[in-house]
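Please open the model in your viewer and keep the sequence panel beside it, since this tour moves from one selection to the next.

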Amino acid sequence: MNGIRMQVVVIGAGLAGLTAAVDLVAAGADVIVLEARDRVGGRMHGIPLSESFSADGGAAYLGVRHTELLAQLREYGLSLASTEMTGESTFLMSGQRTTTAGRVPPLGAVALGDLFDRLDEVVRSVRTDAPWLSPDAERLDRISVADWAAEEIDHPDAQTFLPLFLGEMMAADPASISLLHMAFYLSSGGGIRYLNAFEGGAQQWRVDGGSHLLCEALADRLGDRVRLGRPVRAIDQGGGKVVVDCGPDSEGVSTAYRADRVVVAVPPLLAQQIEFWPGLPEPRATAVTGRGCAVKVHLSYPAPIWRESGLSGWSVSAEGPLLSTVDDSPPDESVGVLTGFVTGAAASSFSAMAEAAQKEAALAHIRRLFPQLPAPSQCTVTDWLSEPYSKGCYAALFGPGDWLQLGPSLTEPHGRVHWAGTETSLEFFGLMEGAIRSGRRVATELISTGISETDSRKVVSR
């Protein structure tokens with residue numbers, strides 16, 4: 001017999017769900033992918049800025065350790081674009097604009113060094129394979145990063161830098177995440193220095209043309225197995241099959257899908273909204289599980305004209321809305337692209353503004369950072385906090401107590417329901433690499449199950 005005999009419904013056409021679906025189809029499974037949006041990609045989303053170029057509205061950067069992602073990009077013939085920047089960095093600290101040759105803000109070197117030493121000490125204490133079993137896990141998961149910093153970080157420069165750093169690395173407000181979550185996230189991603197680095201680090205490359213192209217390539221391979229506009233309302237395991245209920249569509253027609261197994265590959269806050277029968281023994285998210293606090297602003301110019309002034313386009317600001325900017329222009333320089341990041345607490349207040357006010361605030365900030373630049377030809381805002389089918393980006397934020405409650409059941413199947421998504425990966429949690437690895441893990445899980453069930457049927461038939 002060729003392949004496994006199994007009907008599988010995959011919920012979510014992001015990178016994790018599509019990866020799992022492609023692997024399952026290759027193994028012989030009958031697969032349907034249900035996606036609530038009218039597009040594939042999830043938190044990988046292209047923002048058209050010209051006829052030939054789309055910027056990354058969501059996940060964008062990768063490095064040499066992201067081996068599964070690099071292998072997929074090679075398989076689908078997608079190229080890499082270097083993030084290497086030349087020129088001076090721009091900083092806006094205490095209302096003062098300065099430029100320097102390096103990427104380190106003009107803050108006390110000793111204070112920042114001490115901060116990173118303290119962060120490293122906590123990061124090294126955590127088990128990435130099971131953070132809830134780390135030494136002192138209960139204490140680390142009970143307190144927020146903000147509470148820890150109030151006790152441990154004295155210097156004003158370090159206090160200024162910490163939320164900027166965590167906003168860039170995790171799209172997190174220190175008050176909203178547990179110390180255990182911060183330490184695990186940084187360790188899982190390869191460590192502070194790797195995550196924070198461009199050359200040789202986790203931000204070494206972008207996908208040329210946008211990371212969403214990978215999801216589109218995966219979806220193309222799946223063809224009509226991918227069904228868009230199908231938000232899932234309920235999953236019922238009460239009968240001989242699993243029934244996935246999408247509820248009524250815009251025309252009032254209800255749609256349900258029957259399967260042997262279901263893969264839920266959506267962020268925890270979305271999974272928690274699905275009605276399960278029987279109910280989940282443990283939640284997928286709690287009252288303190290937060291949305292990744294990220295908004296991306298793209299400003300386009302005829303070319304990367306800041307380079308003419310000796311500037312790299314990289315900036316860091318102590319006050320929002322744009323806490324950092326980076327030059328995301330394509331290699332051919334056919335358009336100049338500055339990407340602004342609004343993260344952490346600044347993202348929450350920015351997201352509450354009307355779109356016109358968001359753009360006005362972003363443009364005013366750019367004028368302060370780069371007064372020599374003309375007005376951009378285009379300004380786009382990608383607000384992940386208000387996106388109903390993502391509920392934040394880069395990834396969910398685990399608040400105090402979440403890891404001890406949620407961690408042990410992150411990947412534990414609920415009957416015939418299995419879990420994927422970057423938040424279920426203990427390797428590269430929150431990153432594209434983590435999403436792919438979770439998809440591969442759950443596909444292997446189901447393939448093994450399918451082989452076992454097929455072998456059992458063979459024995460019975462004899």
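## Starting at strand S1

Select strand S1 together with strand S2 (residues 30–34), and you will find the two running parallel and joined by five bridges. Please keep in mind throughout that this is a predicted model. Within the pair, colour Val10 and look across to S2, where Val33 stands opposite. Then show the surroundings of S1 (residues 7–11), which is mostly covered, with four of its five residues buried.

## Helices H1 and H9

Next select helix H1 (residues 15–26) and helix H9 (residues 212–222), whose axes come within 10 Å and cross at roughly 35°. The crossing of H1 and H9 is left-handed. To see what makes the contact, show side chains for Leu15, Leu18, Thr19, Ala21, Val22 and Val25 on H1, and for Leu214, Cys215, Leu218, Ala219, Arg221 and Leu222 on H9. Sorted by class, the residues in this contact of H1 with H9 are ten nonpolar, one polar and one charged.

## Leu73 and the three-stranded sheet

Now move to helix H2 (residues 67–75) and pick out Leu73, which is found there. Is Leu73 buried or exposed? Leu73 counts as buried because its relative accessibility is 2%, and the cut-off for buried is under 20%. Leaving aside residues up to four places away in sequence, Leu73 touches Leu62, Leu78, Leu80, Val207 and Leu214. If you would like a distance to display, draw a line from the C-alpha of Leu73 to that of Gly292: the two are 219 residues apart in sequence and 26 Å apart in space.

From here, select strands S5, S9 and S6, which form an open sheet in the order S5-S9-S6 with antiparallel pairing. Its edge strands are S5 (61–62) and S6 (80–82), each of which pairs on one side only. S5 and strand S9 (residues 205–207) are paired in the antiparallel sense over two bridges, and in this pair Leu62 stands opposite Trp205 of S9.

## The seven-stranded sheet

Clear the selection and bring up the open sheet of seven strands, which you can trace in the order S8-S7-S17-S18-S19-S16-S20, with mixed pairing. The strands at its edges are S8 (96–100) and S20 (378–383), and each of these pairs on one side only. On average, neighbouring strands of this sheet are turned by 20° against each other, direction ignored.

Begin at the S8 edge, where S7 and S8 run antiparallel and are joined by five bridges. Leu92 stands opposite Arg97 in S8. S7 and S8 form a hairpin with two residues between them, and in the turn you can select Ser94, which has a positive phi of about 55°.

Then cross to the S20 edge, where strand S16 (residues 294–301) and S20 run antiparallel and are joined by six bridges. Here Leu299 stands opposite Cys379 in S20.

## Helices lying across the sheet

With the sheet still shown, add helix H6, which lies across strand S7 (88–93), strand S17 (311–317) and strand S19 (336–343) and runs at about 120° to S17. Add as well helix H12 (residues 355–369), which lies across S7, S8, S16, S17, strand S18 (324–327), S19 and S20, running at about 120° to S20.

## The nonpolar cores

Which residues touch the most other members of the largest nonpolar core? In this core of 76 residues, they are Leu119, Trp148, Phe165, Met182 and Val297. Helix H6 (residues 156–170) contributes the largest share of this core, eight residues. Centre the view on Phe165, which touches Phe116, Leu119, Leu186, Ile192 and Asn196 when residues up to four places away in sequence are not counted. Apart from this core lies another, of 42 residues, and you may colour some of its members separately, among them Ile4, Leu18, Val22 and Leu73.

## Last stop: Asp147

Finish at helix H5 (residues 145–152), where Asp147 is found. Asp147 counts as partly exposed because its relative accessibility is 48%, a value that falls between the cut-offs of under 20% for buried and over 50% for exposed. As a closing selection, join the C-alpha atoms of Asp147 and Gly210, which are 63 residues apart in sequence and 38 Å apart in space.

How values were computed. Residues numbered from 1 in each chain as written. Predicted model: local features only at pLDDT ≥ 70, side-chain atom pairs only at ≥ 80, totals over all residues. Heavy atoms only, no water. Axes fitted to C-alpha atoms, helices over the stretch in contact; angles between N-to-C directions. Left-handed = near helix turned anticlockwise from the far one by under 90°. Contact = heavy atoms within 4.5 Å. Nonpolar A, V, L, I, M, F, W, Y, C, P; charged D, E, K, R; others polar. Core = buried A, V, L, I, M, F, W, Y, C linked by side-chain atoms within 4.5 Å. Buried < 20%, exposed > 50% of the residue type's maximum accessible area, 1.4 Å probe, protein only. Pairing = 2+ DSSP bridges.
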